[in-house]
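Student: Please show me how to read a helix and its surroundings in a protein model.

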Amino acid sequence: MDFMLTVSSSPEEYLTAMGIDVWLLRPRDGSNTTDDAKTDWLSLQQQVQRCQACALHQTRNHAVFGVGDVKADYLLIGEAPGMDEDRLGEPFVGQAGQLLNEILFALGLKREHVYIANVLKCRPPNNRTPLPDEIQCCSPFLNQQIQWIKPKILIALGAVAAQFLLQTEAKIGSLRGQPHVYQNIPLIVTYHPAYLLRRPIEKAKVWHDLQPLYQRICAHTHAPLQ
Ligand code: SF4
């Protein structure tokens, strides 16, 4: 890509530089209609499905936009689609997804209560770690999702999401367990469920990391699971 952008560039600047249509954000203040918001969201989804901004479009089966409640208080962000996600077009559907469902259940949540997305919308070959230029290309989509969802709490699952949101190269071991903020939104950093599948002994740390979220859920209203 031959455009010059910095981490401080706005999502709109990225999208424009990528040749992607830019929409005006409609605030949740009643000035937009439900139909407007749905159209905006669908348009963004279609942009992702058609996106060819990085080489990953050549090897994907499905771009994976995200899933869940677009008005959710909690937005969970992972790394990138894996094999199952690429096949089905939905994030966190394999073994790691099952574990994430169990974590959510322990918190008193279902997938429908949250929104789940990834930093990258297309699967890197052989699940390799996303490259910096791939993250740069794809991040406007996630930034737009965050701006529209306006979550009360962000949860970064794994190093890639945490390092992207915090613009740091610090290791996840030093980022988890600390309070963070992303654009005025409290951010919790914890391990990716795929890592927990390899290192189940670390599950207790994840539960510890998620305590602020659990306390908030306990203090607020969520219908008990049926
Ligand atoms: S990973 Fe993101 S930037 Fe790359 S092709 Fe897919 S949607 Fe586009």
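The dialogue below takes up one helix, then the ligand.

Tutor: This is a predicted model, in which local features need pLDDT of at least 70 and side-chain atom pairs count only at pLDDT 80 or more, while totals for chains, interfaces and linings use all residues. Residues are numbered from 1 along each chain as its sequence is written.

Student: How many helices and strands does the protein have?

Tutor: Helices (H or I, at least four residues) and strands (E, at least two) are DSSP runs, numbered from the N terminus. Here there are 10 helices and six strands.

Student: What span should helix α5 have?

Tutor: The expected span is 1.5 Å times one less than the number of residues. For the 18 residues of α5 (residues 132-149) that gives 26 Å, and the end C-alpha atoms are 25 Å apart, which agrees.

Student: Where does α5 bend?

Tutor: A bend is the angle between axes fitted to the seven residues ending at a residue and the seven starting there. α5 bends by about 45 degrees at Cys138, and Pro140 follows within four residues.

Student: Which residues of α5 are buried?

Tutor: A residue is buried if 20 or more other C-beta atoms, placed from the backbone, lie within 10 Å of its own. In α5 the buried residues include Cys137, Cys138, Pro140 and Phe141. Across the protein, buried residues make up 38% of the 226 residues.

Student: Which residues come nearest to the ligand?

Tutor: A residue is near a molecule if its C-beta atom, placed from the backbone, lies within 6 Å of it. Of the 14 residues around the ligand, Cys51, Cys54, His57, Cys122 and Cys138 come nearest. The largest share of the shell, three residues, comes from α5.

Note on methods:
A residue is buried if 20 or more other C-beta atoms lie within 10 Å of its own, exposed if 12 or fewer, and partly exposed in between; C-beta atoms are placed from the backbone.
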